[in-house]
Amino acid sequence: MFSALLSACGRGTVRGAAATLVTGIVAAGVLTAAGTGTAAAAADGTAQSQGGATATIGGLKTYGTAVIHDDSGDLEVSAGLFEMSVDGGGTLQTYCVDLHNPTQRDAKYHETPWSGTSLGANKNAGKIRWILQNSYPQVNDLATLAAEAGVKGGLTEEDAAAGTQVAIWRYSDDAAVDALDPQAEKLADYLQRSARELAEPAASLTLDGAAVSGRPGGLLGPVTVRTNADAVTVTPPADAVTSGVRIVGKDGKVLTAAHNGSELFFDVPAKAAAGSAELTVQASTTVPVGRAFTSESRSQTQILAGSSESTVSATASATWADQGAIPALSAAKNCAENGVDITAANEGDAPFTFELMGIEHSIPAGESRTVTIPLQEDQAYDFTITGPGGLAKRFTGVLDCQTQGAETGDATQTLSEPSPATVGGATAGTNLAETGGSGATPTVVGVGIGFVVIGATALLLVRKKKTPAQG
């Protein structure tokens, strides 16, 4: 059944948020490497963003009305274009690809590979990108768009946005949905019928090899820049002056700027104590149409329809030590396996050993292994992996890989100015229970080392990969 007031785009249903706390996996606070002691209290939370744009969603800006048909009956919803404000400057226009999940107003979003969303397992994801490239707002000559779609009488911006969103929902959510306006419905049918498979677009900015490790006195890397921007600025570690760590190219010269394909290295002084550092790259560019955007506050997944010149960034980290285990840690959501991949590479001369869900993992020197942490849909997680030299990498987020979810509530849809839930609390006149939002995203907290499994047996998927020593 449906809730009383839909959150702008899609149904205002709660997809298992409460169930997260009573079934499945509960993430514990710390994954401690053997013999390394307690995690550093100051470890920063790291969402599984691999670089690109970070933005805050505002709300629907151009939209019409759609009708969803299913066993519960017909339901009218708002359908159209969202607008996001990019951190550092810029504006994005998006459609949603997650019909059954509510939109949280002011939720923070970050650019995400399709593999970290429901699009990764969707055989029609490429057709959605075709729709985006061949409809509004990429095609903003509405007379031409109407003629191509065979729409007599022309299209308004609201018709174009609603028709485009409806066509996307038919592929993203396999939804039985129609546009209420006949002109918009005609456009939706044309787009659905004409759509062809296109490849996933490349990230606006990302770093290959974003976690490296090795011994001081050499170059740790490479970290390779991948971007559609003409150039990126390179910012060294915050404590570079005192630590002596420099960011250089293959020739050892300091880099303050780079471009697509540039290789960056951490130049760590030979006498540096065991430690770690981060570099940041930043650029201004347009984000490619079809890039996915996800939130860590259970706000519905979005897909990019248009971008102004926007600020994009990415970070990379390095860990070093004279001896023992020298791990490099990274994480990425893996919707194909319904979990989060934790990759640990060890460039030291001793094994890097840590416990995960009661299972001890040991990465030999010179090897890299990926451990998939299985999670339930909408599962919040928050855990830290520690290592030598005070290393503490904290990873937080919410797994949002599916478009179907449990529905709660039983009321009649009221269609008016969209009124999404507000992250962290209700705005005046907004009932979070009605909009499908939550005043406080559940924080999953564990006790001790590893993970606690409640009511289910979890499966660890471990992949091994030999990597050449770096640096």
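**A walk through a predicted model**

The accessible surface of this protein comes to about 18,500 Å². Carbon and sulfur atoms hold 50% of that surface. Keep in mind that this is a predicted model.

Let's start with the overall make-up. The protein has 471 residues, and 55% of them are buried. It contains 6 helices and 30 strands. Now take contacts between residues at least 6 apart in sequence. Of these, 74% join residues at least 24 apart.

Next, the inside. In soluble globular proteins, nonpolar side chains tend to be buried together. So what does the largest nonpolar core look like here? It has 83 residues. Tyr95, Leu264, Phe266 and Val281 have the most contacts inside it. Which helix gives this core its largest share? That is helix H3, residues 157-172, with 8 residues. Another core lies apart from this one. That other core has 19 residues, including Ala344, Ile385, Leu391 and Cys401.

On to a sheet. Strands of a sheet pair through backbone hydrogen bonds, either parallel or antiparallel. Look at the open sheet of 4 strands, in the order S10-S12-S16-S14. The pairing in this sheet is antiparallel. Which strands stand at the edges? They are S10, residues 205-208, and S14, residues 246-248. Each has a single partner strand, so one side of each is left without a neighbour in the sheet. On average, neighbouring strands of this sheet are turned by 30° against each other, direction ignored.

Zoom in on one pair. S10 and S12, residues 219-227, run antiparallel and are joined by 4 bridges. For Leu207, the bridge partner in S12 is Val225.

Now the backbone. Most residues other than glycine have a negative phi, and most peptide bonds are trans. Here are some exceptions.

Stay with S12 for a moment. Pro222 lies in that strand. The peptide bond joining Gly221 and Pro222 is cis, with omega about 5°. There is also a cis bond from Tyr136 to Pro137, with omega near 10°. Where does Pro137 sit? It lies in the loop between helix H1, residues 125-133, and helix H2, residues 142-149.

Then come two residues with positive phi. Asp174 is not a glycine, yet its phi is about 50°. You will find Asp174 in the loop between H3 and strand S9, residues 177-179. Arg298 has a phi near 60°, also positive, and is not a glycine either. Arg298 is in the loop between strand S18, residues 292-295, and strand S19, residues 302-307.

Are these two buried or exposed? Exposed means over 50% relative accessible area, and buried means under 20%. Asp174 has 69% relative accessibility, so Asp174 counts as exposed. Arg298 has a relative accessible area of 10%, so Arg298 is buried.

One last stop: Ala125. This residue lies in helix H1. Its relative accessibility is 4%, so Ala125 counts as buried. What does Ala125 touch, leaving out residues up to four places away in sequence? Trp114 and Leu119. Now compare chain and space. Ala125 and Ala199 are 74 residues apart along the chain. Their C-alpha atoms are separated by 8.5 Å.

To recap, look again at three places. Find the core of 83 residues. Then find the open sheet with S10 and S14 at its edges. Finally, find the cis bonds before Pro137 and Pro222. Thanks, everyone.

Conventions: Residues numbered from 1 in each chain as written. Predicted model: local features only at pLDDT ≥ 70, side-chain atom pairs only at ≥ 80, totals over all residues. Heavy atoms only, no water. Core = buried A, V, L, I, M, F, W, Y, C linked by side-chain atoms within 4.5 Å. Buried < 20%, exposed > 50% of the residue type's maximum accessible area, 1.4 Å probe, protein only. Contact = heavy atoms within 4.5 Å. Areas by Shrake-Rupley, 256 points an atom, 1.4 Å probe, with all protein chains shown as cover. Pairing = 2+ DSSP bridges. Axes fitted to C-alpha atoms, helices over the stretch in contact; angles between N-to-C directions.
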